[in-house]
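Open the model in your viewer and keep the sequence panel beside it. The tour goes from one selection to the next and says what is found at each stop.

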Amino acid sequence: IKVKSFFMDKFEVTNSQYAAFVKISGYPEPPFWDSEQFSGAHLPVVGVSWLEAKAFCFWAKKRLPTEAEWSYVAKGGLRDRVYPWGMKLKQRNAIFGLDLISGGPKAVGRRPQGASMHGVEDLAGNVWEWVQEKYKKTNKKTFSTNKSKSKMRVLKGGSWANGSWALKNFNRTGDFEDRKLPVYGFRCVKSNTN
């Protein structure tokens, strides 16, 4: 993967960061903030659509990563790792496999041993992360049944509710850009203009 130089946020965007955006921008609060399992200040924000994630990044003077940028960081550049931390699954390195009813994401940075070689954490598990690209409808591997006319966008990294299959760097899914689920979050990047 060839990418231009960029900076990626070390962690997924948190509820406290997103709350500042909501207060200033007038965007609505995510639908899951009334639930204790999704509302902690240091939890990754969930229930944010691709459109809202893009707006937050713009507000923060950043942008959503491209799929190539996300994959470059997760795979360790040219090393082509299966997981951000290496070639073998290590359960202690990621938040995944939790119950859909009682489970939920954990505070960002709780699995530092799962960081990529670039020091970026939670790329595997915790929340699926929106990236810039459109998701092609010809790929049937999607979890959405929404019949919206909205475009579909790519999500990477797996979530707290998925099995280990979703944690692999090459896995991806897609959903409609206006869809809000408690397993969808995001992080931002900034181009290196030096």
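Select N126 to begin: this residue is buried, with a relative accessible area of 0%. Bear in mind throughout that the model is predicted. N126 sits in the loop between α3 and β2. Show the side chains of N126 and E12, and a polar contact of 3.2 Å appears between them. Now expand the selection to the surroundings of N126. Leaving aside residues up to four places away in sequence, N126 touches E12, P44, I95, P105, K106, G158, S159 and W160.

Stay in the loop between α3 and β2 and pick D122, which lies there too. Its phi is near 65°, a positive value in a residue other than glycine. Is D122 buried or exposed? D122 is buried, because its relative accessible area of 5% falls under the 20% cut-off.

For another positive phi, move to K61, in the loop between α2 and α3 (67–75). K61 follows α2, and its phi is about 60° although the residue is not a glycine. K61 has a relative accessibility of 65% and therefore counts as exposed, the threshold being over 50%. So the two stops contrast in burial: D122 is buried, whereas K61 is exposed.

Step back from K61 into helix α2 itself, residues 50–59. Colour W50, E52, A53, A55, F56 and C57, which are buried in this helix. What lies over them? The cover of the buried α2 residues includes α1 (15–25), β2 and β3.

Two of those covering elements lead on to the sheet. Select β2, β3, β4 and β5: these four strands make an open sheet with mixed pairing, in the order β4-β3-β2-β5. The edges are β4 (172–176) and β5 (184–185), each of which pairs on one side only.

Zoom in on β2 (residues 128–134) and β3 (residues 152–156), which pair in the antiparallel sense over three bridges. Two positions are useful as markers here. E129 stands opposite K156 in β3, and K134 stands opposite R153 in β3.

Then turn to the pairing of β2 with β5. These two strands run parallel and are joined by two bridges. E129 serves as a marker for this pairing as well, standing opposite G185 in β5. Selecting E129, K156 and G185 together therefore shows one β2 residue with a facing residue in β3 and another in β5, and strands of a sheet pair through backbone hydrogen bonds, either parallel or antiparallel.

The last stop is the largest pocket, with a volume of about 150 Å³. Select S5, F6, F7, M8, Y72, V73, H118 and V120 to display its lining. Which element gives the largest share of that lining? It is β1, with three residues. Strand β1 (6–8) and helix α3 each supply at least two of the lining residues. Colour the lining by residue class, and it divides into six nonpolar, two polar and no charged residues.

To finish, display N126 with E12 and the pocket lining in one view. The N126 side chain keeps its polar contact with that of E12 in the buried loop position, while the pocket is lined by residues including F6, Y72 and H118.

Definitions and conventions:
Residues are numbered from 1 along each chain as its sequence is written. This is a predicted model: local features need pLDDT of at least 70, side-chain atom pairs count only at pLDDT 80 or more; totals for chains, interfaces and linings use all residues. Side-chain values use heavy atoms; hydrogens and water are left out. Two strands pair if DSSP finds at least two bridges between them. Buried means under 20% relative accessible area, exposed over 50%, partly exposed in between (1.4 Å probe, protein chains only). Contact means heavy atoms within 4.5 Å. A polar contact is a pair of N or O atoms within 3.5 Å; within protein, one must be able to donate a hydrogen and the other to accept it, and residues adjacent in sequence count only if both atoms are side-chain atoms. On a 1 Å grid over the protein atoms alone, a cavity is a set of points where a 1.4 Å probe fits but cannot get out, and a pocket is an open set with protein on both sides within 12 Å along at least five of seven lines; lining residues have an atom within 4 Å of a point. Grid points are joined across faces, edges and corners, and a volume is the space filled by probe spheres set on the points. Ala, Val, Leu, Ile, Met, Phe, Trp, Tyr, Cys and Pro count as nonpolar, Asp, Glu, Lys and Arg as charged, and the others, Gly among them, as polar.
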